[in-house]
Amino acid sequence: LLEQDVGRRITTFSHRIRHDELVNDLQAVLETGQPKETEVRDLDGHCHFLRVLPYRVGDEIDGVVLSLIDISILEQARDRISQLSAIVESSQDAIISKDLEGTIQSWNGGAQRLYGYTPEEAIGQNITMIVPLEDRPQVEIWLKQLRQGQRVEPVEAERVTKDGRRVQVSLTISPSKDPHSRKIVGASAIARDITQLKRTRHQLQDREIRTRKIVESALDAIVSMNERGEITEWNPQAVAIFGYTAQEALGHSLADLIIPEEQHADHQKGMQRFFETGEGPVIGQRLELEAVNKEGERFPVELTVVVNQFAEGIEFTGFVRDISKRRRAERQVKQEVERRDRFLAMLSHELRNPMGAVLNALRLTDIEDADAKNGDKPLSVVRRQTEHMSRLLDDLFDVSRITQNKISYQREVVD
């Protein structure tokens, strides 16, 4: 305002205030003497607090006083508080504030969804309403720590819902301070429902335990190695087959421990081929190879290798079976078959001779003009050779009974 503006009517002034009722407000205060206060904005969008007060001389209203206070900073703070309040209210986590006695002072939508109580039901109640009886002493300990200005570490806890269900939560407790005195006056707690997470975690732990038991009780050696060829798995059967303890094997080169030295080059070539092409000569195959144990003894094994991709890299797992006994059994069976074949060849020879004699004797009996005094000789030959074949068949039957453990025999020294 300028000095020459004194005496001009207020309606003749132009202003930057976005408030169409400004003149009416001035007139109303002048007539009624009742102050008016409101928030207005200027043409630049800045927020101001507008106050119109009556100006009195004695008991008479002689005019009005108009004041504008820039409250842009206050508005920003208020908007920030509104934003934070909206975030708290829309959070999926339960956010609860309480005083140092445990009385609930705020209760957001996440808390209602998690625990089932509405804000009207929860605010003013003690926080122990959602705490199991056995855990309430711990809540008192936390409140005591907060009163003493001590930090409360994040923790996993169990809570009770309105319908009596128990839920697992991840709990973070932070002190609340008075904005002026900076004294701790309460606490805010953020709780996240981890019931499904813990259930899944327990299922994974149970599955891991079951898998570990299967691996440890397997009759085959289960041996795993990483991309560098270092042993990462060595079950008890691997200890039994190769002689190395798990402590001696884990972290060491698989090739150096159980692969014969002359096969090291082929092993390296196979590894290199896999990393280049994704294929390997032993991957997914059932092979019979030779391995070496801690004592340097070589023995045959049956090997199957599978490949698994994990977050930390590729892992090769071999299922190894010692087939030494099977090889010995196969050799023994082969020897038995050879002995059987020799026996059958001998038996065939022994049966062929008397059978030939019998056939010849029968031909002689067919000769009609044979001398009567020689007629009994062919029959005698038939009888003798038949008895010989009968003894051979009896011996064959005895051998069959012995091989089927149906007859026992005792060895003795004879003259």
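Two residues are in contact here when heavy atoms of theirs lie within 4.5 Å. Keep that in mind for the legends below. This is a predicted model, where local features need pLDDT of at least 70 and side-chain atom pairs count only at pLDDT 80 or more, while totals for chains, interfaces and linings use all residues. Residues are numbered from 1 along each chain as its sequence is written, and side-chain values use heavy atoms, with hydrogens and water left out.

**Figure 1. The whole chain, before we zoom in.**
The chain holds 12 helices and 14 strands. Both kinds of element are DSSP runs numbered from the N terminus: helices are H or I with at least four residues, strands are E with at least two. How much of the chain is buried? Buried residues make up 29% of the 415 residues. A residue is buried under 20% relative accessible area, exposed over 50%, and partly exposed in between (1.4 Å probe, protein chains only). The chain exposes about 28,700 Å², and carbon and sulfur atoms supply 51% of that; such areas come from the Shrake-Rupley method with a 1.4 Å probe, and for residues only the protein chains shown count as cover. Of the contacts between residues at least 6 apart in sequence, 39% join residues at least 24 apart.

**Figure 2. Where the predictor is sure, and where it is less so.**
The score to watch is pLDDT, the predictor's confidence in each residue, from 0 to 100. The chain averages 84, and 85% of the residues score at least 70. Confidence is highest in helix α7 (residues 236-242), at a mean of 95, and lowest in helix α12 (residues 376-403), at 69.

**Figure 3. Ile-173 and the largest nonpolar core.**
What does Ile-173 touch? Leaving aside neighbours within four places in sequence, Ile-173 is in contact with Trp-142, Leu-146, Val-152, Ala-187, Ser-188 and Ala-189. Ile-173 is one of the residues with the most contacts inside the largest nonpolar core, alongside Ile-96, Trp-107, Tyr-115 and Ile-130; this core has 26 residues. The elements that give two or more residues to this core are β5 (94-99), β6 (104-107), α3 (109-115), α5 (136-147), β8 and β9. Apart from it lies another core, of 25 residues, including Tyr-244, Ala-249, Leu-303 and Ile-314. A nonpolar core, by the way, is a set of buried Ala, Val, Leu, Ile, Met, Phe, Trp, Tyr and Cys residues joined through side-chain atoms within 4.5 Å. In soluble globular proteins, nonpolar side chains tend to be buried together.

**Figure 4. Helix α6 and the strands it packs against.**
Helix α6 runs over residues 195-217, so 23 residues, and reaches 33 Å from its first C-alpha to its last, close to the 33 Å expected at 1.5 Å a residue. That expected span is 1.5 Å times one less than the number of residues. Look for the buried residues of α6: Thr-195, Lys-198 and Val-215. They pack against β7 (155-160), β8 (166-177), β9 (184-193), β10 (221-225) and β11 (231-234).

**Figure 5. Two hairpins, each with a glycine in its turn.**
Strands β10 and β11 run antiparallel and are joined by 3 bridges; strands pair if DSSP finds at least two bridges between them. Ser-224 has Glu-233 in β11 as its bridge partner. This hairpin has 5 residues between the strands, and Gly-229 takes a positive phi near 85°. In the other hairpin, 7 bridges join β12 to β13 (residues 298-310), again antiparallel. Here Glu-290 stands opposite Pro-300 in β13. There are 5 residues between β12 and β13, and Gly-296 takes a positive phi near 85°.

**Figure 6. Arg-182, in a loop.**
Arg-182 sits in the loop between β8 and β9. Is Arg-182 buried or exposed? Arg-182 is exposed, with a relative accessible area of 52%. Its phi is positive, about 65°, although Arg-182 is not a glycine.

**Figure 7. Gly-278 and Val-282, in the loop between α10 and β12.**
Gly-278 lies in the loop between α10 (264-277) and β12 (286-292), and Val-282 is found there too. Gly-278 is partly exposed at 44% relative accessible area, and Val-282 counts as partly exposed at 28%. The C-alpha atoms of Gly-278 and Val-307 are 9.9 Å apart, with their places 29 residues apart along the chain. Val-282 and Gly-318, 36 residues apart in sequence, are 9.8 Å apart in space, C-alpha to C-alpha. Setting aside neighbours within four places in sequence, Val-282 is in contact with Leu-287 and Val-305.

**Figure 8. Gln-105, in strand β6.**
Gln-105 lies in strand β6 and is partly exposed, at 48% relative accessible area. Beyond neighbours within four places in sequence, Gln-105 is in contact with Ser-97, Lys-98, Asp-99 and Ile-123.
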